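This report looks at the packing of a protein interior and at one of its pockets. The sequence and the structure come next.

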Amino acid sequence: MLGIDVGGTFTDLVALDGKGGLHSTKTPSTPDPSIGVMNGIAKIAGMLGEETGHFLSRCSLIVHGTTVATNTLLEYSGAKVGLLTTEGFRDEIEFRRGYKESVFSPRLPAPYPIVPRRLRIGVPERLDAAGNVIRELDEDAVRKAVRFLVDEGVEAIAVCFLFSFINPAHELRVKEMIEQEAPGLFVSISSEVLPQIREFERVSTTIVNAYTGPALQRYLENLERSLHEQGFAGELFVMQSNGGVQNIVQSGKLAAGCLLSGPAGGVTAAAFIGERIGHSDLITVDMGGTSYDVAVIEQLQPSLTTESWISRYRIALPMLDIHTVGAGGGSIAWVDSGGLLQVGPRSAGSYPGPACYGRGGTEPTVTDANLVLGYLNPDRFLGGEMKLDAAAAEEAIRRHVAEPLGLTVIEAALAISEVVNNNMSNAIRFVTTQRGYDPRRFALLAAGGAGAVHAGRQAEDLGIETVIVPRFAPVLCALGDVSANLKVTELRTRFERADKVDLDAINRLFDEMEQAAREKLGSGRTAIRFETRRYVDLRYEGEVHEVTVPIKTRTRRVTALNMEATIAQFHDIHERLFAHQNPHSPVEILNLRLDLLGVRDRIPLHEEPFGDEDPAPAMTGRRTVYFGAEPVEAAVYNGDLLRPGHMIVGPAVIEQWGTTIVVYPKHEALIDAFGNCMIEIRREREGGR
């Protein structure tokens with residue numbers, strides 16, 4: 001079994017061998033992601049002493065986290081898309097329900113039109129709010145519109161009619177007609193992509209799916225073909241934004257469900273690790289070369305959202321609530337026109353990369369600052385696979401930051417570190433305090449190549465007492481790919497008062513949703529059992545935002561007692577999110593949601609007994625490190641030689657393959673039974689006690 005995650009800078013791989021051993025590696029990402037994937041497979045096969053073909057022939061499953069859909073939307077490089085919608089409603093995507101990212105900026109440009117107005121065509125047809133046909137579908141108009149769009153060279157057509165989430169008949173008929181008129185054209189209909197209430201959310205999600213779908217389909221088909229040519233005979237799955245995995249056929253049809261494919265793997269792996277080590281409440285941070293991804297896990301359940309905005313388009317599919325900022329190791333430091341230091345969001349990527357990579361990059365990055373401050377060893381980056389050029393890093397910082405601001409190189413590097421740390425702390429606050437969570441009751445799980453360099457500072461800033469650096473921190477997303485369950489999510493709108501709920505109708509609808517999910521899940525050969533989880537979107541009467549609440553039931557049916565408990569939980573969640581509840585206000589049901597999980601065998605994590613506390617056998621020396629203006633001599637340890645039970649008191653630096661762990665002054669690190677580094681943050685008590 002193999003997990004592969006393609007990031008902006010590196011492609012990460014984790015392989016599970018037949019004896020339960022886990023093996024991991026990294027390779028630089030490439031402009032064509034499939035090349036980096038095949039390079040990584042060849043590399044990990046070589047690590048195991050095998051030819052690539054033999055390795056792939058024995059591999060039963062590959063789970064892939066991909067950025068293809070994400071990059072397609074971020075770079076606006078997707079398919080040429082046409083939209084068919086109800087006559088008179090072709091501008092819904094521009095009205096955006098009046099939403100503006102900056103209400104105080106009258107000059108804020110409109111979003112890039114992924115479907116230009118001339119390719120948006122209104123079709124005569126109409127349903128009422130109950131799904132009854134008011135106006136029959138004009139099939140001649142549909143054929144004329146489809147032919148026009150084909151003549152215009154569209155590669156995909158999105159279809160979104162009013163109230164099709166209640167009655168999809170017109171959309172399904174249009175899909176048939178498109179397939180007749182233009183066989184092979186990518187078709188995205190809202191009743192299949194997002195069959196729930198709210199017109200703007202449906203049309204936005206549907207056109208994003210059409211915009212990103214062709215590129216993702218082509219990539220997955222080409223990758224599967226390359227794998228088969230190399231001897232792969234197993235199944236290829238794709239990590240989904242909801243934290244599950246799905247086969248490539250369904251992933252290609254619902255490309256919008258893969259927009260957070262990469263970071264979702266890291267959150268999934270964090271929940272898996274948290275369960276094994278006894279930490280059920282986690283804030284996960286993953287700092288790679290390009291971005292800093294933050295998420296919350298409460299009681300081992302990652303937070304979900306249906307209110308994601310990506311590249312200024314609304315994606316209303318259920319996704320892990322992951323907040324991303326441009327604060328990676330490759331984030332470029334620059335001085336703006338007002339003389340203020342900024343870090344990111346622009347990144348140096350893999351090529352040319354930070355100045356210290358020696359690939360032609362001349363602009364200073366966070367990695368360059370960390371090297372100058374002594375956190376990184378230029379001779380042991382990626383376990384010695386890459387050598388870093390400290391002189392190039394110093395020159396880049398001097399020219400672009402130190403001299404413009406009148407600082408020394410060390411002062412400039414400290415300033416870069418402080419700015420990026422502040423950006424990352426604010427990202428954590430966004431998903432905690434602004435969501436009603438107190439970060440102090442969570443442990444901070446740091447992953448990615450650079451996450452463990454900065455995590456101690458975030459913990460101090462936010463009052464967090466424990467930092468966890470997993471043994472597989474450099475490849476956490478790839479670990480999540482191999483540990484995630486199969487998952488299909490079904491959505492349906494069901495609008496009624498909770499105190500007048502028709503339980504028979506709700507149970508029938510849940511049964512239909514489960515059947516649809518089973519058909520999409522296919523054979524589920526890799527699953528050992530299936531689990532069904534039901535949710536309901538609730539709101540107070542008159543509110544415009546709903547809260548998703550799980551329905552806890554031990555049977556296949558939802559009972560009156562189950563609904564009462566669900567509504568009581570809704571009041572509690574509402575108070576946490578919005579600082580108030582009103583148990584006497586009528587509660588409305590808006591949507592039903594069902595998750596069908598194909599639970600897979602849990603991957604093993606090797607556990608060892610604790611040994612001696614003294615880490616001296618792993619110590620490789622000391623070096624000068626800057627946590628402030630004055631230099632500090634920090635002990636340096638070879639992470640490969642550290643064993644469970646070893647205790648390290650900061651200041652110290654632990655050098656591991658793929659990551660560096662900085663143990664700040666007054667922090668203490670313990671290697672646990674699984675090889676994870678557990679850092680406790682010592683705090684000064686009030687009154688000096």
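Leaving aside neighbours within four places in sequence, which residues is Leu259 in contact with? In this predicted model, the contacts of Leu259 outside that sequence window are Ala69, Thr70, Leu73, Val208, Ser241, Ile310, Ile315 and Met319.

Leu259 also belongs to the largest nonpolar core, which has 187 residues, and is listed with Leu84, Ile157, Ile178, Ile207, Tyr292 and Leu479 as touching the most other members. Helix α13 (residues 409-431) gives this core its largest share, ten residues. Another core lies apart from it and holds 27 residues, including Leu2, Leu13, Val37 and Leu223.

The second largest pocket encloses about 1,300 Å³ of space, and among the 50 residues that line it, Ser191, Glu192, Val193, Pro195 and Lys520 are the closest to its centre. At least two lining residues come from each of α6 (169-181), β10 (186-189), α7 (190-193), α8 (199-229), α9 (248-253), β25 (486-497) and α16 (503-521), and the largest share, nine residues, is that of β25. The make-up of this lining by class is as follows.

| Class in the lining of the second largest pocket | Number |
|---|---|
| nonpolar | 25 residues |
| polar | 13 residues |
| charged | twelve residues |

A further site is His574, which is placed in helix α17 (residues 560-578). His574 counts as buried because its relative accessibility is 1%, where buried means under 20%. Not counting residues up to four places away in sequence, His574 touches Tyr540, Glu543, Val547, Ala579, His580 and Gln581.

Note on methods: Residues numbered from 1 in each chain as written. Predicted model: local features only at pLDDT ≥ 70, side-chain atom pairs only at ≥ 80, totals over all residues. Heavy atoms only, no water. 1 Å grid on protein atoms, 1.4 Å probe; cavity = no way out; pocket = protein on both sides within 12 Å on 5 of 7 lines; lining within 4 Å. Points joined across faces, edges and corners; volume = space filled by probe spheres on them. Helix = DSSP H or I, 4+ residues; strand = E, 2+ residues; numbered from the N terminus. Nonpolar A, V, L, I, M, F, W, Y, C, P; charged D, E, K, R; others polar. Core = buried A, V, L, I, M, F, W, Y, C linked by side-chain atoms within 4.5 Å. Buried < 20%, exposed > 50% of the residue type's maximum accessible area, 1.4 Å probe, protein only. Contact = heavy atoms within 4.5 Å.
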